[in-house]
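Dear colleague,

I am handing over the structure we spoke about, with some notes on its charged side chains. Please read them with the coordinates open beside you.

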Amino acid sequence: MSPHARIMSELPGLIVALATPFTTEQVLDLPAFRRLVQRAVVGGASALVPLGSTGEASSLEEVERDGILLATLEAADGRPVVAGTGSNSTRQAIAWTRRARELGASAALVVTPFYTRPTQCGLVAHYQAIAEAVPGFPLIVCNAPARTGVNLEPATLHSLWRIPEVIGVKESSGNLAQIEQIARTLPKDKLLLAGDDGLAAASIALGAQGLVSAMGNAYPGSTAELVRLALEGRREAATRLQKQFKPLTDALTFESNPIPLKALLNRLGLCSDQVRLPLLPASPGTRVVLSAAVFLAHIA
């Protein structure tokens with residue numbers, strides 16, 4: 001089976017976007033990180049994403065990036081590891097994607113360039129350059145306009161489908177109409193992955209084949225159950241569970257990701273709540289909201 005066919009068969013389901021724990025001294029906490037990976041695996045994750053926005057990749061040094069990716073590969077128990085390799089520089093994205101392949105990642109998750117805000121034609125050229133530099137390596141495009149300042153339009157994505165290395169998209173626009181449009185025109189050999197915990201059931205009902213989840217760090221079993229119900233077409237049960245989780249998914253966006261998530265992981269005894277500047281630990285108000293959300297969501 002080709003690398004593309006293998007990962008296409010393995011990715012659908014819950015994909016946990018891993019947080020990166022730090023000690024109170026702001027040092028990378030690899031033991032805590034390995035525990036998060038193992039928790040995700042035991043909880044039912046089909047794949048793992050280190051070095052994404054949830055993992056504060058933009059605040060990591062090169063040696064730390066390598067350490068995180070290697071630790072994920074060691075603890076993944078055979079699950080695909082999709083390394084975040086996006087940058088606002090195409091050259092940097094190419095270098096990180098090459099490094100991910102060298103270290104053994106199954107694929108790369110490449111967010112649209114942030115800050116530079118390229119045109120739609122520039123986005124196509126960006127991904128084309130990465131694909132040509134790392135031929136045969138599966139790429140998943142990540143559209144997160146709230147973070148990047150640019151929306152990857154469905155018509156542009158349609159152009160990207162012509163690139164063999166581009167096997168899927170993580171759609172985090174929060175726009176269900178756009179998600180529906182992508183799903184309606186999705187080629188059979190490509191993947192559409194939801195990127196918002198709060199829209200998981202709705203996105204899958206529209207045609208998404210999985211969820212890239214931040215909440216899965218804290219509650220992988222419950223999140224995997226939601227995804228399973230949605231993928232099985234049990235819409236009523238999936239919607240009911242999504243509504244149950246709503247206080248928590250809302251709370252996790254009360255401040256910039258992963259600030260509330262880190263506070264939740266600390267509350268659960270999984271790691272410290274430390275984030276790196278320019279992020280700050282969760283405010284007292286956010287912690288109150290999280291406490292109420294955990295109570296209201298009734299998640300074991």
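In this predicted model, the side chain of Lys190 reaches the backbone oxygen of Val166 at 2.6 Å, and it also reaches the backbone oxygen of Trp161, in that case at 3.4 Å. Lys190 itself sits in the loop that runs between helix 8 (176-184) and strand 7 (191-194). What drew my attention is that Lys190 is buried and yet has no salt bridge, the nearest side chain of opposite charge being that of Asp189, 4.6 Å away; since a salt bridge is counted only within 4 Å, that distance does not qualify. Leaving aside residues up to four places away in sequence, Lys190 touches Met8, Trp161, Ile163, Pro164, Val166, Ile167 and Gln209, so that Trp161 and Val166, whose backbone oxygens are reached by the lysine side chain, are among the residues in contact with it.

Turning to the charged pairs that do meet, a search of the whole structure finds 12 salt bridges. One of them joins Glu56 and Lys262, with the closest N and O atoms 2.6 Å apart. This pair links distant parts of the chain, given that Glu56 lies in the loop between strand 2 (47-49) and helix 3 (62-75) while Lys262 belongs to helix 12 (residues 259-267), 206 residues apart. Both Glu56 and Lys262 are buried.

A pair in another setting is formed by Arg240 and Glu236, whose side chains meet in a salt bridge at 3.9 Å, N to O. Both residues lie in helix 11 (residues 235-251), 4 residues apart, which is about one turn of the helix. Arg240 counts as exposed because its relative accessibility is 51%, and Glu236 likewise counts as exposed because its value is 64%.

A further salt bridge brings together the side chains of Arg287 and Asp273, at 2.6 Å from N to O. Arg287 lies in helix 13 (residues 284-297), whereas Asp273 is in the loop between helix 12 and helix 13, so the pair ties together parts that are 14 residues apart in sequence. With a relative accessible area of 29%, Arg287 is partly exposed, while Asp273, at 15% relative accessibility, counts as buried. Finally, salt bridges that share partners join Glu225, Arg228, Glu232 and Arg234 into one network.

With best wishes

Note on methods: Residues are numbered from 1 along each chain as its sequence is written. This is a predicted model: local features need pLDDT of at least 70, side-chain atom pairs count only at pLDDT 80 or more; totals for chains, interfaces and linings use all residues. Side-chain values use heavy atoms; hydrogens and water are left out. Helices (H or I, at least four residues) and strands (E, at least two) are DSSP runs, numbered from the N terminus. Buried means under 20% relative accessible area, exposed over 50%, partly exposed in between (1.4 Å probe, protein chains only). Lys and Arg count as positive and Asp and Glu as negative; His and the chain ends are not counted. A polar contact is a pair of N or O atoms within 3.5 Å; within protein, one must be able to donate a hydrogen and the other to accept it, and residues adjacent in sequence count only if both atoms are side-chain atoms. Contact means heavy atoms within 4.5 Å.
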